[in-house]
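Subject: A structure for you to explore

Hi there,

Here is the structure I promised to pass on, with my notes below it. Please open it alongside this email and follow along at your own pace.

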Amino acid sequence: MSKQLVSRLLGMFRSRTQVGADKFGNRYFTRVEEVDGVMEEKRWVEFKGSDQDQTTVQVEWICWLNGQRKKAPTPEELAELEARRERVKQNIESHKFSFADVAVVYSKKKEEEEKKTGVRPVKTVGKFESPNLKSSIPQFPDTSLDQRKGHDELSRSKDGSDTEDATVDTDRSSEPTGTGATFKPGTWQPPT
């Protein structure tokens, strides 16, 4: 190795600053160096031992290493977060339910609600049933049985030829008719 390379490597190690360590013994460092005329902060971790298990790096340190946080996590912060994680684990263990337990509780609450209100739930629409569209008909008060008969019956003249009846402006068929100035929009009709 050249003397210049060795002195540069030694300089890098001397200029580094340890900012912290985690519970696994991993140590975290930083140094400021010039890259293309700009001073940049470099951050890295040195793993304890030769294992270099990256899964031992805690989330807070990962955020610091990636520059998502400006300051390194403090030992107090890490201890507080570790205690919180432990409380969450204990909470999960003490409140474990199976899906069957939840279903039984849910069905019992449903039955109690039905008894209180006296209202039984409406059956849901099945795969092969068509929806009940009678509730949408009152939304269209202009629609009468005559209007639902279709465009053919309304537009036929007495001699049997198809012509537009200009006197029937209020009647609309389910299909639009005409073009340009004679255009008449159709109306939406529920499927039968």
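Which element of the protein has the lowest mean pLDDT, and which the highest? Helix H5 (residues 151–155) has the lowest, at 49, and helix H2 (residues 59–65) has the highest, at 93. I start there since this is a predicted model, and pLDDT is the predictor's confidence in each residue, from 0 to 100. Averaged over the protein, pLDDT is 75, and 62% of the residues score at least 70. Over residues 164–169 pLDDT stays under 50, and the model has six contacts beyond four places in sequence for that stretch. Where pLDDT is low, the predicted coordinates should not be read in detail.

**The overall picture**

The protein has 192 residues, of which 14% count as buried. Its secondary structure comes to five helices and three strands, and along the sequence they follow the pattern α-β-β-β-α-α-α-α. The accessible surface comes to about 16,200 Å², and carbon and sulfur atoms make up 55% of it. If you take the contacts with a separation of 6 or more, 28% of them are between residues 24 or more positions apart.

**The sheet**

The three strands form an open sheet in the order E1-E2-E3, with antiparallel pairing. E1 and E3 are the edge strands, each pairing on one side only. From one strand to the next, the twist averages 25 degrees. As background, strands of a sheet pair through backbone hydrogen bonds, either parallel or antiparallel.

You can trace the pairing residue by residue. Four bridges join E1 to E2. Thr-17 stands opposite Thr-30 in E2, Gln-18 has Phe-29 as its bridge partner in E2, and Ala-21 stands opposite Arg-27 in E2. On the other side of E2, nine bridges join E2 to E3. Phe-29 takes part here too, with Trp-44 as its bridge partner in E3.

Both of these strand pairs are hairpins. E1 and E2 have five residues between them, and Gly-25 in that turn has a positive phi of about 90 degrees. E2 and E3 have two residues between them. Asp-36 sits in this second loop, between E2 and strand E3 (38–46). Asp-36 is worth a click, as its phi is positive, about 55 degrees, although Asp-36 is not a glycine.

**Two loop residues to compare**

Is Asp-36 buried or exposed? Asp-36 has a relative accessible area of 78%, so it counts as exposed, the cut-off for that being over 50%.

Now look at Asn-26, in the loop between strand E1 (17–21) and strand E2 (27–35). Asn-26 has a relative accessible area of 3%, so it counts as buried; here the cut-off is under 20%.

What does the side chain of Asn-26 reach? One of its polar atoms lies 3.2 Å from the backbone nitrogen of Lys-48. The side chains of Asn-26 and Thr-56 are joined by a polar contact of 2.9 Å. Leaving aside neighbours within four places in sequence, the residues in contact with Asn-26 include Gly-20, Ala-21, Val-45, Phe-47 and Val-57.

**Arg-43, from strand E3**

Arg-43 has its place in strand E3. Which backbone oxygens does the side chain of Arg-43 reach? The side chain reaches the backbone oxygen of Arg-69 at 3.0 Å and the backbone oxygen of Lys-70 at 3.1 Å. Beyond neighbours within four places in sequence, Arg-43 is also in contact with residues including Phe-29, Thr-30, Trp-64, Leu-65 and Gly-67. Phe-29 may ring a bell: it is the bridge partner of Trp-44 in E3.

**A last stop in helix H4**

Lys-110 is found in helix H4 (residues 99–117). With a relative accessible area of 39%, Lys-110 falls between the two cut-offs, so it counts as partly exposed. Lys-110 and Arg-120 are 10 residues apart in sequence, and their C-alpha atoms are 9.7 Å apart in space.

If you would like a starting point, try Asn-26 with its polar contact to Thr-56, then move to Arg-43 and the backbone oxygen of Arg-69.

Happy exploring, and best wishes!

Technical notes:
Residues numbered from 1 in each chain as written. Predicted model: local features only at pLDDT ≥ 70, side-chain atom pairs only at ≥ 80, totals over all residues. Heavy atoms only, no water. Buried < 20%, exposed > 50% of the residue type's maximum accessible area, 1.4 Å probe, protein only. Polar contact = N/O pair within 3.5 Å; in protein donor to acceptor, adjacent residues only side chain to side chain. Contact = heavy atoms within 4.5 Å. Areas by Shrake-Rupley, 256 points an atom, 1.4 Å probe, with all protein chains shown as cover. Pairing = 2+ DSSP bridges. Axes fitted to C-alpha atoms, helices over the stretch in contact; angles between N-to-C directions.
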